[in-house]
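User: Please take a close look at the largest pocket and the elements around it. Which residues lie nearest its centre, and which elements give two or more residues to its lining?

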Amino acid sequence: MALYIFNTLSGSKEEFKPLEGNSVKMFVCGQTVYDDAHLGHAKTYIAFDIVARWIRHLGYKLKYIQNITDVEDKIIARAHERNMDPMDLAEYYETRFFEDMESIGVKQDVDMYPKSSEYIDTIRDQIQALADNGYAYYLGGDIYYDVSKFADYTKLSRMNIEELSNHRIEPKEGKRNSYDFALWKAAKPGEPKWDITISIDGKEVKLSGRPGWHIEDTAMTYALFGPQYDIHGGARELIFPHHTNEIAQAEAAYGVKPFVRYWMHSGMLNIRGQEMHKSLKNFVPIRDFVKEHGAEMLRFMVASTHYRKEINFTDSYMDLARRNLYYIYSSFNILYNMKASDSSGDADQYVESSAKNFLNEFSSAMNDDFNTPLALSKLLIFVKDLRSLASSGKSISKDAKQHAIDAVLECASIIGILAGDGYKKPLEEGIYKLIEEREILRKAGEFSEADAIRKRLLDEYGTVVEDTEYGPLWYRRT
Ligand SMILES: [Zn+2]
């Protein structure tokens with residue numbers, strides 16, 4: 001089964017073929033460490049984490065790199081506000097970022113987190129290559145990229161020249177084009193700086209400053225992957241100018257086109273229809289969310305929407321995700337604790353063929369540009385089926401049961417759910433009886449009696465019962 005990826009560069013789904021045999025090289029734009037990571041970041045990093053897990057699941061040898069931007073305007077500004085050294089501030093937030101990534105199961109899948117401050121030599125070399133090839137110019141302590149020299153500048157964003165001209169990127173007197181961007185910036189007093197020498201226009205120029213934002217990515221990937229690699233991912237908002245400028249830098253410096261073969265972009269996350277912003281007081285740090293709702297809930301929510309689409313984070317979106325996640329938990333709990341025999345059972349054939357069928361459906365959803373919402377719906381249907389089977393009284397062999405369990409766990413591990421062993425503990429006999437009684441009363445329209453049982457289940461057994469489109473669903477609160 002082939003993997004298809006939507007490539008922003010071609011604007012279409014393409015069959016994925018790595019550059020070199022079975023090895024895949026993937027780079028995703030990482031964090032600028034000046035504040036805590038929020039739910040918007042979680043969406044991007046979880047989405048690409050699922051991409052990485054799936055690529056590895058297919059048997060590819062994946063090298064996955066994410067950069068840490070530790071030298072940047074926002075870091076310097078925040079450090080000055082707090083009267084701190086910018087590198088200390090970056091280090092503080094970097095530690096917290098890693099804690100967050102670990103808590104949501106992302107860090108383990110990233111092979112390397114290179115930092116911009118560690119690649120200054122490579123950055124210098126790349127600026128030199130751009131100067132040698134006639135794409136860079138010196139302007140008052142800075143080095144700029146002359147965008148008009150690069151013919152295919154808008155191939156990723158598909159913008160026209162008027163749209164480009166509306167973007168006054170990094171305003172500075174004397175720039176050749178309004179959208180020219182800095183490769184190197186002179187340091188102001190109190191800013192972190194490095195001394196480098198560039199020969200440009202036949203002169204040796206000594207510069208004291210720091211790299212522009214776009215060059216760190218292409219310097220790192222050149223050092224770690226070479227002039228061309230397979231996948232570059234990031235949030236959609238990075239297409240212009242960031243990824244556009246990455247292409248301009250790498251292709252002008254090394255002449256290998258396309259610099260990246262598959263450009264993948266993920267949709268944003270809004271909070272109740274608004275972009276997340278500290279000023280709007282709707283900024284939700286990952287650590288707060290995880291503390292309250294758990295990491296699985298966050299991963300499940302992200303996977304419930306296709307990675308290219310936007311998530312509008314509302315109470316009802318969260319509610320639906322919670323119900324579906326608990327449905328999977330409670331159904332899997334029932335399957336896990338179902339009696340099975342050493343000999344063959346009535347339902348074996350059915351279970352074996354539905355497990356096989358489910359694995360195929362899950363795979364084809366994932367192979368179709370990582371369609372996680374479709375894959376999750378297949379998982380929900382599969383566990384629903386197993387749940388009805390468990391209550392049908394049919395017999396099952398240990399082998400068939402194990403195959404069904406393995407199929408669920410294999411797919412759940414791609415999404416990053418059912419990670420703990422919370423599903424292993426069986427519900428007590430008495431609880432099942434009460435749930436059944438309540439369902440009979442509810443169907444007969446005896447709602448106040450049904451509600452009384454629901455209350456008893458919660459008070460006496462700590463078990464929550466909710467009615468869903470799949471029937472009653474229950475889970476333990478603790
Ligand atoms: Zn980047």
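Analyst: A residue counts as exposed when its relative accessible area is over 50%, as buried when that value is under 20%, and as partly exposed in between. The model under discussion is predicted. With the cut-off in hand, D201 can be placed: its relative accessibility is 63%, so D201 counts as exposed. This residue sits in the loop between β8 (194-200) and β9, and its phi is near 50°, a positive value in a residue other than glycine.

Strand β9 leads to the pocket itself, for β9 (203-211) is one of the elements that give two or more residues to the lining of the largest pocket. The others are strands β3 (23-32), β4 (61-69) and β10 (229-235), together with helices α1 (39-57), α2 (73-81) and α7 (239-254). The volume of this pocket is about 1,200 Å³. Its lining comprises 44 residues, and those nearest the centre are Y34, H41, K74, E237 and L238. By class, the lining holds 16 nonpolar, 15 polar and 13 charged residues.

Two of the lining helices merit further description. The first to consider is α2, which packs against helix α3 (residues 86-103) with 8 Å between the two axes and an angle of about 105°. An angle from 65 to 115 degrees counts as roughly perpendicular, and α2 and α3 are therefore roughly perpendicular to each other. On the α2 side, the contact is made by I75, I76, R78 and A79, which meet P86, L89 and A90 of α3. The residues of this contact divide into 6 nonpolar and 1 charged, with no polar residue.

The other helix is α7. P241 is found in α7, and the peptide bond that joins F240 to P241 is cis, with omega at about 0°. A cis peptide bond also joins K257 and P258, here with omega at about -10°; P258 lies in the loop between α7 and β11 (260-266).

A further residue may be set beside D201 as regards backbone geometry. R158, in the loop between β6 (142-145) and α5 (161-165), also has a positive phi, near 55°, in a residue other than glycine. Its relative accessibility is 47%, so R158 counts as partly exposed, whereas D201, at 63%, counts as exposed.

Notes. Residues are numbered from 1 along each chain as its sequence is written. This is a predicted model: local features need pLDDT of at least 70, side-chain atom pairs count only at pLDDT 80 or more; totals for chains, interfaces and linings use all residues. Side-chain values use heavy atoms; hydrogens and water are left out. On a 1 Å grid over the protein atoms alone, a cavity is a set of points where a 1.4 Å probe fits but cannot get out, and a pocket is an open set with protein on both sides within 12 Å along at least five of seven lines; lining residues have an atom within 4 Å of a point. Grid points are joined across faces, edges and corners, and a volume is the space filled by probe spheres set on the points. Helices (H or I, at least four residues) and strands (E, at least two) are DSSP runs, numbered from the N terminus. Ala, Val, Leu, Ile, Met, Phe, Trp, Tyr, Cys and Pro count as nonpolar, Asp, Glu, Lys and Arg as charged, and the others, Gly among them, as polar. Axes are lines fitted to C-alpha atoms, for helices over the stretch in contact, and angles run from 0 to 180 degrees between N-to-C directions. Angles under 35 degrees count as roughly parallel, over 145 as roughly antiparallel, 65 to 115 as roughly perpendicular and the rest as oblique. Contact means heavy atoms within 4.5 Å. Buried means under 20% relative accessible area, exposed over 50%, partly exposed in between (1.4 Å probe, protein chains only).
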